[in-house]
Every structure is written in C-alpha cells, then in structure tokens.
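Please open the structure in your viewer and keep the selection tool at hand. The tour proceeds stop by stop, stating at each one what to select and what is found there.

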Amino acid sequence: MTANPSRQSPAEWEESAQLLPLTTRELPSGRHQFHKERLMARIQQEERTATTAAAEPKARRFTMPRRAFAVPAMACALAGAVVVGASVFTSDGEGTGAADGSVLTTSVGAATTKGVPQLLDQISLAAAEVPDPKAGQYVYIESKTANSYEKVVAGGSSLAIDKLHRRQIWMSLDGTKGWLIDPAVNESPEGETLSLPDEQGNVPVATLNGPSYDYLAKLTTDPDKLLQKIYKETEGQGNSPDQEAFETIGDLLGESYPPARLYSALFKTAAKIPGVVVVEDAVDAAGRHGVAVARLDETSGERMEWIFDKKTHVFLGERSVQVREDGGDSGVIKRGTVTNTSAIMKRAIVDDIKQTPTEGG
Amino acid sequence: MRTRVRAGEPSAFAELFDSYARTVYNHAFRLTADWATAEDVMAATFMEAWRLRDRVDPEGGSLRLWLLGIATNTARNQTRSNRRYRAAATAAARAETAAPDHAEEVAGRVDDRRRLAAALTALAALRRPEREVLTLCLWEGLEYTAAAEALGIPVGTVRSRLSRARAKLRRLADTELASTATGPMVRNREPVPGLGQVRGDRGTAVRPAQEGIR
C-alpha cells in the first residue's frame, strides 16, 4: 500500500478491521431477482409515461417501498410522522411539509418539581373507563402532528419541517392489520396499509416499543413491576434509562388505546421515574393550553412534555421542546424549537379499517 | 457505463443492480442494523439512482461511490435517531448470537454471526455521522475524498469524524469487545459524550425491534 495520506495506513486498517469485522451477507434467496424485476418494471413504466406526460414523473421523489412495514404496530411513537423521513422523500405531496416553511417554536415554560406527585395522582384518577373493544374491531386514532428535524444537506445541516397535518391510524387489536393516512408519510392520499406480516413472513410480535391493544390489555398494572419491565426491556436504548422509561410511557399514552386500569398505572409508574417535572403552561399541536408532565433529556437538551387539560386532566397530546441552546448534531435546533408535537383529536373503537367514529360517538 | 446510465438505458440499470445490490444491501445494514430495512433501503437506492440518473457525472470511474452515497442518504432517513439505531442493533446482535446452536451449523457460520454481533455493538456506540464515515471508509474502503464526495461534506470533516470514531472504538475495544468474543451483547450503555447526539429521538421508526425472533 502506498503512503497515500487520504487513505488509512495499513496499521490503522488492521486495527479497525479487528474491531469491525468485514462480514457481508447475500440477500435472502429470491430477493435479488425480485427487486431487480421491480426496478426494471418501474423503469419501463416510467419510460412509457414519459412519452405521454413529459417530465411529470421525475418530479416525484421515490418513496420507500413497503415503508408501511417499517411502522412498528401502533406505537411508532405518536409523532410517527417522522417515520422514515417521509418529508425528505415526498417533497411534492400536498401538505407534506416540504423542507422549508417556518419552524415551530414556543416559549420554554418554567419547570418545577413541586406538585409532581399530586398532579400525576390527579391525572391517574381522571382515567376514564373506555369501552372494551370486541374481537375484529379496530383502534382508531386521529391526531394533529408536526415535526422539525435536522436534515443534512450538501455542505451542512438545516432544519426540515413536517407541517402541522392530520394523521389517522387504524390498528387491529392484535396489531397485525392496520391502515395509515398521514400525508407526511404516504405517497397517495388514500394512505397505505400497515397490515403485516412483513416481506419475510414474520408476524410482528408486540413489544413495549410496538404494543398492540391485546398486548396492553395483558400488561401488568402494578407500577413497580411495570417500571421494572420498562427498564429491563429498554435497557441500553436512549440517552439514559430514566429518559427512555419516560419516553416509553409517553409512547404508550399517545397513539395507543390503553385500557383504563393500565392508563392509571402508567402515571403511577411515571411518578417513580427521577427527574420528572411539572410545566405550568404548554400548548398542544391543536393549540390547546394545558399543564404538562415533563422530563428533560440531559444529553440532547430536549424536553418531552405530556400535556393535560388543566381542569379535567384529560390527556391532550405530547410535544418535545428544545430547552438547551443549539441542539441537534450541528446545533441547528435552537432553544424553543418544537421538535415534534402531536395532539390526540379522536381515540375510538371502530368496526373496520378506514371507518371513522360517528360524530359525538 | 456512465453514459448509458445517464441516457436511462434499462440494461445499464440491470447491470448496475447485479453488480452492486449486495454491496448496497450490506452497507445499508450497517447503517440501519436491520436486514429487512436494509433490503428496503437497497431497493429504494436503485429507484433513486434511476430518478437521479441525469445527475451522474459523465466522467469518472465506477458508480459504486454514487450508489453508496444515495444509500447513505436513504438509510439516514430510515433511522433518523440513534435511539432507534441502538434498539435495532441490540436486537440484531442478540438475534445473531442467541440463535440456537444447530449442530449442523458450520463453525464458519457461527463465527460470522459472532463477528456481525461484535460489529453491531461497535457501531451502536457511535453517532450517526461517525458511523456513516466509518462504514464508507472502512468497510467500503473509500478514500477520504471519495467518502467526502459521497456524503457531501468536506474532507477535513471526514478525517475528524473518522478519528473520533476510531478513538471511541479503541476505548470500546478495551472494555467491551474482549467479552463480546464469548458472549456478545450490546453492553455499552454509556451515552456517547457529545452535543445532542440524539436529537428528537422520538417518532422515527425503524422496524419494530423484535427481539430475539429472527
């Protein structure tokens, strides 16, 4: 090897090679051919349309195939609109939030540790009985959501936005069937299926990070046991065990349908996580003001806030606010930036995919 | 080849796919820690390549670099947060090593699984930009200038990210990888120091981390 300064020295190479073994794998059997055929079919199809409608197809960026499968069951976090960088790929969809537009900001509310247990207690008591779904029914959740995130472009980073938009998701109780309508994610306005199994034939197994209703219904409602389970199953994830536990509970509060007993238990569990604070005033994605239970991620400087109605203590939504200066890998996320926000507008049980609950029902 | 790609010749893309699908697939795996996601990224990369065909520089060598650049961008949008990456890496490493001891499984295959788990462990300890540089320069053997081109960043940045990545790996090697050889698992629980290495780590989804069932 020559002494080329723009290459690693042989010694460096060897050292790293030991750390990072050079192992590669073949695509699963048949998949090479499968994808090749798809590519060729696409090319041919475009060639055909290009002759009739010039230039139009090229304006459309390609979106991930089967992207829907990348959405973990119900719980791909309520701010699931970030899912798979959709906005980067769908720069032309209506309401998709091109990578420009104004950044969502807020004044950073003061946090206090005073009254945390009392507030969590009140919230937990406010858990309303929700009707149990019957076999074959679907959990329907409608939310309003927006996100900002760091996007790396040639020469630096910039802040990209998914504008505030409506998101609707339907999930079967076992989490294997579903439908998602979210302009920040979908390629077509009809939305896309979330019905699994994935292309390898794996049926999804519900986990804390991807819970189905059935999974939630069986989850322990003992706060100590639940917290233990959360710590155990999220071990090694996130920026700290406590923050990860808090965010895991947050995910369960958002785009999911926890039975009432579990819902109460979630707050009793959250009360046991160190570092939880109260923020007196927070605004959800729908503009509703409320009081927030929050926790600061010390590593990223971002604070996750669960927002509740001040009087009724009904859960309104969640958001993450950059609290420390200059967040993100390159400091483009300024203090006060709302990195994602999601307000739950409807949460209901319906009989079928794409069915919405009747008004007032 | 470049001319044919620019001209949108289907046969050129067929050849491109045959030559580089595997390379892109493995590269995507290192960046997403999930084989199924890697497959999606691979497929999307070639579709993107088709879409972007007229941006190919008519002069130059192999198109591998160009494809790796597209794949890196595509993978980045799949796994936007380190939290998700780590979850996936943990699950994948576990799946590799927790696979049942088939008597018929040849020793080489077992070693391969072990090596893969160790690599995931190491990659999970890095920040995404470091991971990208490392996989391009080390696994794909790109020169710094080529990696810089693929990532659209200055060469100096490639160099500094790579040296940070190496330093972290060395530390990791001292403490972790020795034990990984026998019972690998992602053990590095320490958040990697540095500014905001996980920003909004919520909401970005890779596949569900289906632990231990692949």
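Begin by selecting Val283(A), which stands opposite His289(A) in strand β7 of chain A. Please keep in mind throughout that this is a predicted model.

**First stop: the strands β6, β7 and β8 of chain A**

Extend the selection to strand β6(A), residues 276-283, and to β7(A); the two pair in the antiparallel sense over 6 bridges. Strand β7(A) itself covers residues 289-297. Is this strand mostly covered or mostly open? It is mostly covered, since 7 of its 9 residues are buried; in this tour, a residue is buried when its relative accessible area is under 20%.

Next, select the turn of the hairpin formed by β6(A) and β7(A), where 5 residues lie between the strands. Gly287(A) belongs to this hairpin and takes a positive phi near 85°.

Now move to strand β8(A), residues 302-308, which runs antiparallel to β7(A) and is joined to it by 7 bridges. To see one pair of bridge partners, select Ala294(A) together with Glu305(A) in β8(A). Strands β7(A) and β8(A) also form a hairpin, here with 4 residues between them. In its turn, select Gly301(A), which has a positive phi of about 75°.

**Second stop: two residues with positive phi that are not glycine**

Select His313(A), in the loop between β8 and β9 (315-322) of chain A. Its phi is near 60°, a positive value in a residue other than glycine. With a relative accessible area of 11%, His313(A) is buried.

Then select Lys354(A), in the segment after β10 (338-350) of chain A. Lys354(A) is not a glycine either, yet it has a positive phi of about 65°. How does Lys354(A) count at 48% relative accessibility? It counts as partly exposed, because that class lies between the limits of 20% and 50%.

**Third stop: strand β4 of chain A**

Select residues 178-181, which make up strand β4(A). In a regular strand, side chains alternate between the two faces of the sheet. Here Gly178(A) and Leu180(A) point one way, while Trp179(A) and Ile181(A) point the other way. All four of these residues are buried.

Add strand β5(A), residues 192-193, to the selection; β4(A) pairs with β5(A) in the antiparallel sense over 2 bridges. Within this pairing, Leu180(A) stands opposite Glu192(A) in β5(A).

**Fourth stop: helices α7 and α8 of chain A**

Two packed helices are described by the angle between their axes and the distance between the axes. Select helix α7(A), residues 223-233, and helix α8(A), residues 241-253: they pack at an angle of about 115°, with their axes 9 Å apart. The two helices are therefore roughly perpendicular to each other, and their crossing is right-handed.

Which residues meet here? From α7(A), select Leu227(A), Ile230(A) and Tyr231(A); they meet Pro241(A), Asp242(A), Ala245(A), Thr248(A) and Ile249(A) in α8(A). The residues of this contact divide into 6 nonpolar, 1 polar and 1 charged.

**Last stop: chain B**

Finally, select the whole of chain B, which has 9 helices and 0 strands. Of its 214 residues, 66% count as buried. Among contacts in chain B between residues at least 6 apart in sequence, 72% join residues at least 24 apart.

Conventions:
Residues are numbered from 1 along each chain as its sequence is written. Chains are lettered from A and ligands numbered from 1 in the order in which they are written. This is a predicted model: local features need pLDDT of at least 70, side-chain atom pairs count only at pLDDT 80 or more; totals for chains, interfaces and linings use all residues. Side-chain values use heavy atoms; hydrogens and water are left out. Buried means under 20% relative accessible area, exposed over 50%, partly exposed in between (1.4 Å probe, protein chains only). Two strands pair if DSSP finds at least two bridges between them. Axes are lines fitted to C-alpha atoms, for helices over the stretch in contact, and angles run from 0 to 180 degrees between N-to-C directions. Angles under 35 degrees count as roughly parallel, over 145 as roughly antiparallel, 65 to 115 as roughly perpendicular and the rest as oblique. A crossing is left-handed if the near helix is turned anticlockwise from the far one by less than a right angle, and right-handed if clockwise. Contact means heavy atoms within 4.5 Å. Ala, Val, Leu, Ile, Met, Phe, Trp, Tyr, Cys and Pro count as nonpolar, Asp, Glu, Lys and Arg as charged, and the others, Gly among them, as polar.
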